[in-house]
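Visitor: Hi, I've got this one open on my screen. Can you walk me through it?
Guide: Sure, here it is.

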Amino acid sequence: MKAKKVGALLLAAAMAVCTVPVHGMAAEEGTKTPKYIFLFIGDGMSYPQVQTTNYYLNAIADDGDEILNSESKLNMMKFPVAGSAQTYDSTSFCPDSASTATSISTGHKTYSGTINMDEKMETSYETIAEKLKKQLGYKVGILSSVNLNHATPAAFYAHQASRNSYYEIGEELIESDFDYFAGGGLKKTTGADGDKTDLYQLAEEAGYKVIKTQAEAESLTAEDGKAIVIDETLADSDAMSYDMDREEGEWGVSDYVEKGIEVLDNETGFFMMVEGGKIDWACHANDAAATITDTVAMDDAVGKAVEFYKEHPDETLILVTGDHETGGLTIGFAGTDYDTFLTNISNQKISYAKFDSDYVAAYKENKTDFDTVMADITELFGLQAPDGATESSNQADSKDVHPEGTDDKGSLVMTDYEYQKLQAAYEETMSRTGEEEEFGQEEYLLYGSYEPLTVTITHILNNKSGINFSSYAHTGLPVEVFAMGAGQDEFVGYYDNTDIYNKMAALTGVE
Ligand SMILES: [Zn+2]
């Protein structure tokens with residue numbers, strides 16, 4: 001064990017000297033070329049998302065008692081090797097998914113919003129997936145819980161100045177000739193103006209089997225040839241459902257990975273990229289419960305890759321990383337000092353997105369009164385009104401019936417301060433028309449561009465759990481790189497996200 005550790009340190013030191021491994025350089029002697037490569041990218045999943053999820057799983061493990069231990073509940077945390085990658089891009093220390101996925105898939109930095117093109121928008125870069133297919137004959141699978149022509153999956157097959165060129169990205173998806181696409185629906189299938197030939201039709205003409213039901217997905221086999229599998233139950237923005245909203249029996253990310261392994265497995269090799277895209281969306285919206293449950297969902301998919309690894313340990317490489325952090329999530333909140341009450345999060349039964357679509361839309365339509373809304377909030381999020389509170393308690397002379405004493409810190413009964421914030425957010429939600437184009441500074445800091453009522457509910461529940469978000473956007477934290485299998489030791493160290501590509505290329509010998 002000790003010798004191995006020293007070896008890894010020496011390797012890291014050697015790599016620091018030559019910084020970037022030469023493309024095509026043979027891998028370390030004794031390291032087999034990984035024939036089966038899994039690359040999991042948790043969008044917006046950095047250390048805070050991984051660690052919060054792990055502590056949460058430990059906290060709920062024993063009948064609601066907060067268990068303070070370091071047991072690794074996640075598959076990815078049990079990997080033998082971990083490294084860290086810096087994520088800045090050519091625009092910012094707080095990058096976006098297009099540029100960061102470009103770095104991971106091609107080894108180049110570029111501007112936020114750009115997919116696999118240089119900063120002048122002249123040169124396009126070939127991706128690791130394209131190279132493995134072209135040079136080594138690997139089959140390729142691209143999976144995402146969000147739209148298949150969204151930035152992260154696109155960065156493995158498309159080359160566009162703007163990530164918003166969804167139709168053109170869709171055309172490149174079809175041209176890629178990759179073997180298996182699975183996840184959320186394509187965006188802008190008939191172009192930005194709705195006047196182009198439908199992308200699914202073009203895909204079928206190009207020989208893809210296009211599948212839109214779970215029954216068909218279940219019966220898909222390798223003999224069916226290349227396939228595009230769209231999840232049957234699409235939710236917000238035509239992405240897959242948040243895992244916490246998934247119905248019993250409805251396929252999640254791990255089911256698509258399991259099917260992917262089945263159809264991609266072959267003697268030559270395969271490369272599979274899996275994006276947990278809604279971890280990012282949940283963090284943008286400051287929804288800790290949806291963040292945790294979608295992180296668990298992606299980790300379950302990692303578990304499928306680990307099962308495959310156990311059958312092919314010398315030839316399989318599994319990488320789990322993030323593209324950037326989202327939300328400035330942290331464990332610890334000013335209002336609870338050093339305490340956390342992570343089990344409180346388990347009271348949330350529905351994602352912010354489903355609460356918006358299934359409840360808030362109706363509240364606005366029906367002008368639902370606050371007390372009725374409050375009953376739903378208690379049922380779906382566990383938050384309770386202060387004792388004896390009525391809507392009039394936001395008047396200046398109301399008595400503080402629930403003082404913020406230390407005894408109450410973990411309680412789900414709101415303080416008057418929290419309750420008044422919730423009432424103000426309710427008023428703001430009810431008064432908005434949806435036509436607002438700009439928000440004032442205070443409004444933005446309170447609600448971002450989200451539904452005021454919903455984001456205030458998750459803020460209060462997060463804070464009562466002892467966790468907090470500091471942003472509605474991406475941040476500059478590094479990301480974890482967990483590695484297991486053939487070539488795993490290459491991923492030790494603190495490096496740049498472009499080196500994730502460089503290391504994969506060096507291990508496989510592609511140029
Ligand atoms: Zn994002």
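Visitor: Let's start with cysteines. How many disulfides does a search of the whole structure find?
Guide: The search comes up with 0 disulfides, where a disulfide is a pair of cysteine sulfur atoms within 2.5 Å. Bear in mind that this is a predicted model: local features need pLDDT of at least 70 and side-chain atom pairs count only at pLDDT 80 or more, while totals for chains, interfaces and linings use all residues. Residues are numbered from 1 along each chain as its sequence is written, and side-chain values use heavy atoms, with hydrogens and water left out.

Visitor: OK. And Cys 283, buried or exposed?
Guide: Buried, because its relative accessibility is 0%. Buried means under 20% relative accessible area, exposed over 50%, and partly exposed in between, with a 1.4 Å probe and protein chains only. Cys 94 counts as partly exposed because it sits at 37%.

Visitor: Switching to the metal. Which protein donors does the zinc ion have?
Guide: Asp 280 (OD) is listed twice, along with His 284 (NE2) and His 474 (NE2), lying 2.1 to 2.3 Å from the zinc ion. Donors are N, O and S atoms within 2.8 Å of the metal (3.2 Å for Na, K and Ca), and water is not among the atoms, so sites may look incomplete.

Visitor: What's the geometry of that zinc site?
Guide: Irregular, with angles of 57 to 151° among the 4 donor atoms. Four donors count as tetrahedral if all angles lie between 85 and 135 degrees; four count as square planar and six as octahedral if opposite donors are over 155 degrees apart and all others between 65 and 115; anything else is irregular.

Visitor: Where do the two histidines come from?
Guide: From distant parts of the chain: His 284 is in helix H10 (residues 278-284) and His 474 in strand S12 (residues 474-475), 190 residues apart. Helices (H or I, at least four residues) and strands (E, at least two) are DSSP runs, numbered from the N terminus. His 284 counts as buried because its relative accessibility is 17%, and His 474 does too because its value is 15%.

Visitor: Which residue does the "active site" annotation cover?
Guide: Ser 97, according to an unreviewed UniProt entry. UniProt positions are given in the numbering used here, feature names are shortened, and annotations may be inferred rather than shown by experiment. Ser 97 is in helix H3 (residues 97-106), and it counts as buried because its relative accessibility is 3%.

Visitor: What does Ser 97 touch?
Guide: Not counting residues up to four places away in sequence, its contacts include Asp 43, Thr 152, Arg 163 and the zinc donor His 474. Contact means heavy atoms within 4.5 Å.

Visitor: And the "binding site" annotation, what does that cover?
Guide: That unreviewed UniProt annotation covers Asp 43, His 150, Thr 152 and Glu 275. They are spread over 233 residues of sequence but cluster in space, the largest C-alpha distance being 11.4 Å. Glu 275 is in strand S7 (residues 270-276) and is buried because its relative accessible area is 1%. Among the residues Glu 275 touches are Asp 43 and Thr 152.

Visitor: Last one: why is helix H6 called largely enclosed?
Guide: Because 8 of the 11 residues of H6 (residues 166-176) are buried. Those buried residues pack against helix H4 (128-136), helix H5 (151-154), strand S4 (180-184), helix H7 (199-205) and strand S6 (227-230).
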